[in-house]
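Subject: Structure for your files, with notes

Hello,

Here is the structure I said I would pass on. Please look at it alongside the notes below.

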Amino acid sequence: MSGVRQVTAEVKSTRERYTEFLCRILQVFAVVSVVILFSPGLNPARMTGYIRDNVSLFTCGVSYTALTRSMGRALNQGWISYSSIRIIFAAGMTIIIATILSLANACMSLGNLRLKNKGAILAMISGIMQLFASVGLLMAYASISNTDRPDKVNPIFPNAVYVYIVLGAVMFLIAVTQIIIQPKAPNTMNYYMAPKYKLFLMFLPIVILAFLFSYLPLLGWRYAFFDYKAGEQLSINNFVGLKWFTLLFKNEATRNDIVRVLKNTLAMSGLGMLTSMLPMAFAIFLSEIRNNKFRRFVQTLTTIPNFISWVLVYAIALAIFSTDGFINTFRSQFGPGVYSINYLMNNSQMWIKMLLWGLWKTLGWSAIIYISAISSIDRQLFEASIVDGAGRFQRMWYITAPSLLPTYFVLLLMSIANILSNGMEQYLVFSNAMNKSSIEVLDLYVYNLGIGNGAIPLSTVVGMMKTFISVILLFTANGFSKRIRGESIV
Amino acid sequence: MMGKLIKSNTKDNLKVSKNQERRFKKKPGDIVFALLNGAFFLAFTIICVFPFYYLLINTISDNDLVKRGMINFIPKGLTLSNYLALGNVKDLWTSIYVTVGRTVIGTSFMVFVSALAGYLVTKKEMWNRKFLYRFLVITMYFNSGLIPWYMNMSMLGLTDSFLAYIIPGFVAPFNIILVKTYIESIPAELEESAFIDGAGYSTIFLKIIWPLSKPILATIAIFGAVGNWNSFQDSLILNANSPSLYTLQHRLYIYLNSGSNLASMMGTGVSATQAANAMQSALNTKTIQYTISMVTIIPILCLYPFMQRYYEGGIMMGAVKG
């Protein structure tokens with residue numbers, strides 16, 4: 001008897017399988033309706049020229065002020081009636097609620113029969129609400145298109161209403177079908193969802209956030225192919241293909257800029273790599289200090305600069321090196337003559353200076369990882385080497401350094417992958433009219449070009465190239481690491 | 001020589017001392033090395049700390065002496081007038097509220113999301129776990145570039161808005177990896193026994209995982225807080241048109257670059273007597289800049305002793321990849 005029950009529990013009935021299928025369709029519909037809700041191109045509320053074409057239905061349904069922002073005069077003059085705008089707003093809000101309901105159904109339909117039963121009702125309501133909202137939007141359009149001043153109001157038939165009519169009708173029909181064919185869950189049945197779906201739904205918001213802030217920006221690469229100026233729209237009219245890519249190499253001024261900026265970038269990253277041994281040396285020599293308190297003291301105080309921002313580093317630079325900074329006042333007070341040189345306002349040795357500021361800020365911090373590694377070296381190695389007569393420097397060279405090399409190697413490979421990304425903060429704060437030519441690194445150049453000059457397409461192209469090269473470098477470095485150490489760094 | 005060493009070793013080989021090298025006679029070379037080494041580290045430490053000290057003594061000394069460049073090593077004519085005068089700088093206070101707000105709110109959310117995500121990705125039974133985890137982690141290795149990021153933020157309505165500081169920081173993949181690695185080291189029996197006792201995922205997370213992973217959560221909280229406090233770029237790019245949303249670092253950057261206006265600004269919007277006082281105390285651009293810099297540094301310095309306890313652990317854990 002129990003065996004038979006087991007079988008019936010596992011094998012799903014035909015009706016159950018159909019229900020499952022309908023649930024899947026409704027889940028897809030839910031996702032699609034969210035995408036439509038947020039896409040400005042499919043905004044059924046955009047039925048007059050006053051509603052900007054970069055506004056999505058979500059914005060229209062959430063914020064009445066955003067909806068009416070630019071139509072104040074039209075409303076006052078009676079070209080557009082308040083009631084029609086209120087209908088649009090209400091329809092937008094209805095569709096938002098309907099979308100939320102269909103999303104709720106999508107989540108609930110991952111659960112057991114009881115949850116599915118309840119979810120189907122929500123989906124049905126959602127479909128009805130979308131149909132109602134569509135009718136409302138059509139009514140609003142009828143009112144708007146009867147305006148006295150069609151030249152000003154510029155009525156546009158919102159084709160996207162059809163999308164919502166279809167979406168709502170199909171959703172309603174599917175939900176009703178599901179309600180009819182699905183097996184009724186007994187009232188004694190508890191709400192239940194399989195752990196795998198429960199965990200998935202808990203994790204989903206995090207994934208969506210990652211999508212919004214890390215993947216969605218990739219969509220912005222399309223600006224590289226358009227002649228885009230701030231506030232305009234992308235359309236087939238300003239599509240320019242690869243114009244900006246060729247301009248980068250053809251236009252002499254741009255080319256010279258790129259060469260100069262690349263030279264700065266590579267020089268600063270290169271200097272950084274050349275000095276990448278320093279934190280390791282710092283750690284090795286620090287560990288030679290016998291006095292524990294003094295060692296701790298040095299380690300603590302040399303780490304502080306790492307935790308302050310570059311703006312503050314610049315504040316410190318001003319305090320020490322500017323016209324009335326420490327160096328000048330000190331020289332004036334204790335030496336002959338009066339000094340007022342602004343050491344920050346010249347262009348000499350900018351690469352070295354930037355390197356030194358970088359070292360000042362991060363040397364103590366970067367050494368920590370090596371210090372921890374040194375403390376994990378087997379003491380017996382040192383003892384044995386002393387017995388064998390090894391001197392201090394031999395111990396450093398033959399025992400400590402080799403055991404730190406793997407760490408060093410990983411960090412070096414990472415810096416190769418990041419050769420084009422020096423960040424912009426340090427260079428932005430230190431840049432001024434005098435040193436601009438030798439301090440401008442790639443990241444800063446993109447910022448100056450895109451945000452400063454508004455050359456959005458060109459700076460997007462530069463950024464794209466940078467990303468491609470960086471990813472290639474990362475994989476190359478990773479390949480090296482795999483080949484040499486048999487371990488990947490990614 | 002070797003014989004001697006071995007003899008001296010066998011003599012007291014039961015006494016295991018921590019620094020066995022100490023038993024050997026110090027050679028003059030050792031002393032010279034120790035002195036040079038110590039001197040170098042002392043010098044570097046002074047270079048690291050002196051600027052902070054210099055800022056401090058210039059903000060608490062008599063402004064007249066500061067102006068004449070007399071304060072180099074020792075504070076003279078102690079006064080707190082510079083710090084008290086900051087009360088008049090309205091913009092500064094707005095930016096302090098903004099920065100404190102984003103630090104507290106942003107860090108709390110980041111820590112909670114990292115803990116939750118770190119816990120969830122350790123659950124093997126999750127639907128499509130591997131894919132979703134990779135989907136998160138891979139975001140560390142590419143980036144769309146500054147301009148597309150800016151366009152995206154403006155498309156999402158996150159320009160000229162306080163939320164621009166908070167929401168993008170929710171998901172921090174590196175921190176999620178740290179938490180995940182840590183949670184994996186917690187004995188699975190703890191969770192299993194709770195599960196048998198009827199606890200669900202959220203109960204296990206709140207009652208077991210959250211308390212047990214406090215050390216790593218403290219580490220990421222500290223780094224997150226420092227990052228928020230030091231943030232400058234998002235304010236500069238996203239909220240350029242809303243001065244009331246500038247972060248403290250952005251405000252400081254503006255003050256540093258337009259120092260001359262600052263002294264005059266201190267005079268405006270203040271009652272006549274206060275303005276006169278301000279004139280009397282000879283407030284100059286330099287000391288105001290120094291004072292605001294100190295205000296920006298002080299919280300970091302105050303937090304620093306607590307940070308120190310955690311950051312070493314954090315670094316080492318960063319080396320262990322998820």
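The notes go through the contact between the chains, then chain B, then chain A. Please keep in mind that this is a predicted model.

Between the chains

The contact between the two chains involves 90 residues of chain B and 90 residues of chain A. Together the chains bury about 8,600 Å², and 77% of that area is on carbon and sulfur atoms.

One salt bridge is counted between chain B and chain A. The residues in question are Arg392(A) and Asp30(B), whose side chains meet at 3.2 Å, N to O. On the chain B side, the element that gives the most to the surface touching chain A is helix H2 (residues 28–59), with 16 residues. By residue type, the side of chain B that touches chain A has 62 nonpolar, 20 polar and eight charged residues. Polar contacts across this interface come to 14 residue pairs, both residues being at pLDDT 80 or more.

Chain B on its own

Chain B has 322 residues, of which 48% count as buried. Its secondary structure consists of 17 helices and zero strands. If you take the contacts in chain B between residues at least 6 apart in sequence, 71% of them join residues at least 24 apart.

The domain assignment splits chain B into domain 1 (25–82) and domain 2 (84–319). Where these two meet, twelve residues of domain 1 are in contact with 14 residues of domain 2. The area buried between domain 1 and domain 2 of chain B is about 1,300 Å², with carbon and sulfur atoms giving 67% of it. Three residues, Leu55(B), Asn63(B) and Asn82(B), supply 40% of what domain 1 of chain B buries against domain 2, more than any other three residues.

No salt bridges are found across this domain interface in chain B; the count is zero. Polar contacts between domain 1 and domain 2 of chain B number seven residue pairs, again with both residues at pLDDT 80 or more. On the domain 1 side, the elements of chain B that give two or more residues are H2, helix H3 (63–67) and helix H4 (81–85). H2(B) gives the most to that side, with six residues. The domain 1 residues that touch domain 2 of chain B divide into six nonpolar, five polar and one charged.

H2(B) therefore comes up twice, if you read "most" by the helix assignment from DSSP runs: it leads on the side of chain B that touches chain A, and it leads on the side of domain 1 that touches domain 2 of chain B.

Chain A

In chain A the domain assignment gives domain 1 (9–193) and domain 2 (244–485). The centres of these two domains of chain A, taken over C-alpha atoms, are separated by 53 Å.

One residue to look up in chain A is Val135(A), which lies in helix H7 (residues 113–145). Is Val135(A) buried or partly exposed? Val135(A) is partly exposed, because its relative accessible area is 47%, and a residue counts as buried under 20% and as exposed over 50%. From Val135(A) to Ala169(A) the distance is 12 Å, C-alpha to C-alpha, and the two are 34 residues apart in sequence.

Regards

Conventions
Residues are numbered from 1 along each chain as its sequence is written. Chains are lettered from A and ligands numbered from 1 in the order in which they are written. This is a predicted model: local features need pLDDT of at least 70, side-chain atom pairs count only at pLDDT 80 or more; totals for chains, interfaces and linings use all residues. Side-chain values use heavy atoms; hydrogens and water are left out. Contact means heavy atoms within 4.5 Å. Buried area is the accessible area (1.4 Å probe) that two parts lose on being put together, summed over both. A salt bridge is a side-chain nitrogen of Lys or Arg within 4 Å of a carboxyl oxygen of Asp or Glu. A polar contact is a pair of N or O atoms within 3.5 Å; within protein, one must be able to donate a hydrogen and the other to accept it, and residues adjacent in sequence count only if both atoms are side-chain atoms. Helices (H or I, at least four residues) and strands (E, at least two) are DSSP runs, numbered from the N terminus. Ala, Val, Leu, Ile, Met, Phe, Trp, Tyr, Cys and Pro count as nonpolar, Asp, Glu, Lys and Arg as charged, and the others, Gly among them, as polar. Buried means under 20% relative accessible area, exposed over 50%, partly exposed in between (1.4 Å probe, protein chains only). Domain bounds come from an automatic or database domain assignment.
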